[in-house]
Amino acid sequence: MKHISILGSTGSIGTQALDIIAKYRDRFSVTALSCARSLDLLMEQVEVFEPAAVCLADEAGAREFAKALQGKSGIRRPEVLYGVDGLKTIATMGEADLVLNSLMGMRGLEPTLAAIEAGKDIAFANKETLVVGGELVMSAVKRKGIRLLPVDSEHSAIFQSLQGSAGNPVKRIILTASGGPFRGYSRKQLEEVTLEQALKHPNWSMGSKITIDSASMMNKGLEVIEARWLFDVPLDQIQIVVHPQSVLHSAVEFADGSVIGQMGTPDMRVPIGYAFSYPERLDLAETTVKSLDFFGLPSGMDFYPADRDVFRTIDLAYEASRTGGSCPVVLNGANEVLVDKFLKGQIRFVDIQDTLVRVMDKHVPKFGLSLEEILEEDKRIREILR
């Protein structure tokens with residue numbers, strides 16, 4: 001029996017993770033859950049999975065949830081926590097064998113580091129943590145000897161592809177991208193897109209923030225930085241390849257020209273399940289994951305270079321990672337604020353990347369940042385952008 005704490009249990013990754021746990025109650029149990037605002041859904045999860053603790057975003061939410069629990073009978077009442085300290089508590093609980101970090105944004109950094117220090121293996125679906133704190137996180141991973149198991153579909157595909165490497169060095173990582181809803185658009189066309197259009201991803205069902213990042217291609221830029229840290233490869237050995245069908249989830253090329261990739265239907269329960277059961281594989285037919293129908297692909301398999309002139313976020317991410325220091329922190333923090341503004345209808349879609357270009361042009365990098373300095377730099381850029 002593997003006991004799992006889930007940070008971000010009411011989001012897209014969290015709910016699909018619980019779908020898997022529900023099908024395999026003989027193999028997995030829930031130690032703790034967290035959510036930001038979806039209190040009704042969290043209550044349903046508590047009733048089904050009976051965690052020992054839950055964490056809410058703030059004290060007001062915790063009080064509201066604790067009050068709602070008082071009206072429930074016949075269920076295990078969890079300890080109710082809140083805020084960053086609450087997240088760190090449920091990430092380090094003694095009962096937990098594995099922590100699934102599916103939080104959105106860099107608020108996953110502190111609980112991730114806490115979980116590593118507590119010796120917990122981590123199923124990792126919070127790319128921003130590695131974007132802003134990759135050096136700190138990977139240093140802690142090596143020092144504590146824990147397993148950081150990627151859940152993002154692309155990084156899980158790379159991880160799976162590397163299982164057959166037999167120690168051979170990687171020549172190239174091929175990081176696939178669907179291209180989002182605006183693949184093939186010109187700059188002028190991007191100026192006219194709406195929020196509704198940006199939220200319609202052609203292949204994946206995801207939360208609103210990551211969907212907008214996919215539309216702007218920032219998500220792929222952040223994944224480049226994540227791949228650099230996860231797989232310890234130079235940036236010039238990571239290539240973005242636009243693959244609209246999302247059948248090949250990513251691949252690895254070796255010195256002899258052999259390319260090993262992971263393919264399948266676009267379903268996040270596959271990488272989640274692999275992280276939960278690694279190195280075993282679950283029979284996910286139980287969760288209705290469809291087998292790949294090679295003869296039923298509507299348009300074959302296509303591959304294109306990313307249009308880096310239209311989607312400037314890609315080069316911004318490469319440059320931020322290449323420079324290092326505070327640059328990825330500033331890029332990520334500014335992007336989170338700008339995406340939020342776009343979701344609220346306060347700016348246009350193209351204003352996201354245009355503002356990011358100006359921010360990064362003006363930024364003077366700082367190096368050798370501690371955790372506290374990373375948090376302070378993030379706070380500073382958010383205040384400026386707001």
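The lining of the second largest pocket in this predicted model divides into 10 nonpolar, 9 polar and 4 charged residues. In total, 23 residues line this pocket, and those lying nearest its centre are Gln262, Val270, Arg281, Leu284 and Val289. Three elements give two or more residues to the lining: helix H7 (153–161), strand S11 (259–263) and helix H12 (269–277). Of the elements that contribute, H12 gives the most, with 4 residues. The space in the second largest pocket comes to about 360 Å³.

Helix H12 deserves a second look. Its residues are mostly covered, with 8 of 9 buried. The buried residues of H12 are Arg269, Pro271, Ile272, Gly273, Tyr274, Ala275, Phe276 and Ser277. Further along the chain, Tyr278 and Pro279 are joined by a cis peptide bond, with omega at about 5°. Pro279 belongs to the loop that runs between H12 and strand S12 (304–305).

Besides its pockets, the structure holds 1 cavity of 30 Å³ or more. The volume of the largest cavity is about 40 Å³. Which residues line the largest cavity? The lining is made up of Leu190, Ser216, Phe311, Phe349, Val350, Ile352 and Gln353. Helix H15 (residues 349–362) gives the most to this lining, with 4 residues. By class, the lining of the largest cavity counts 5 nonpolar and 2 polar residues, with no charged ones.

Attention now turns to the sheet. An open sheet is formed by 7 strands in the order S4-S3-S2-S1-S5-S6-S7, with parallel pairing. Strand S4 (79–82) and strand S7 (148–150) are the edge strands, each pairing on one side only. On average, neighbouring strands of this sheet are turned by 25° against each other, direction ignored. Helix H3 (residues 59–70) packs on the sheet, where it touches strand S3 (53–56) and S4. The direction of H3 makes about 165° with that of S4. Elsewhere in the sheet, strand S1 (residues 2–7) and strand S5 (residues 98–101) run parallel and are joined by 4 bridges. In this pair of strands, Ser5 stands opposite Val99 in S5.

Two residues stand out for their backbone angles. Glu50 has a positive phi of about 50°, although it is not a glycine. The loop between helix H2 (39–49) and S3 is where Glu50 lies. Ser246, likewise not a glycine, has a positive phi of about 55°. Its place is in the loop between strand S9 (238–242) and strand S10 (248–254). Are these residues buried or exposed, at least in part? Glu50 counts as partly exposed because its relative accessible area is 36%, whereas Ser246 is buried because its relative accessible area is 5%.

One more buried residue completes the picture. Arg382 lies in helix H16 (residues 371–385). Why does Arg382 count as buried? Its relative accessibility is 12%, so Arg382 falls under the 20% limit for a buried residue. Leaving aside residues up to four places away in sequence, Arg382 touches Met106, Asn332, Gly333, Glu336 and Val337.

Technical notes: Residues numbered from 1 in each chain as written. Predicted model: local features only at pLDDT ≥ 70, side-chain atom pairs only at ≥ 80, totals over all residues. Heavy atoms only, no water. 1 Å grid on protein atoms, 1.4 Å probe; cavity = no way out; pocket = protein on both sides within 12 Å on 5 of 7 lines; lining within 4 Å. Points joined across faces, edges and corners; volume = space filled by probe spheres on them. Nonpolar A, V, L, I, M, F, W, Y, C, P; charged D, E, K, R; others polar. Buried < 20%, exposed > 50% of the residue type's maximum accessible area, 1.4 Å probe, protein only. Pairing = 2+ DSSP bridges. Axes fitted to C-alpha atoms, helices over the stretch in contact; angles between N-to-C directions. Contact = heavy atoms within 4.5 Å.
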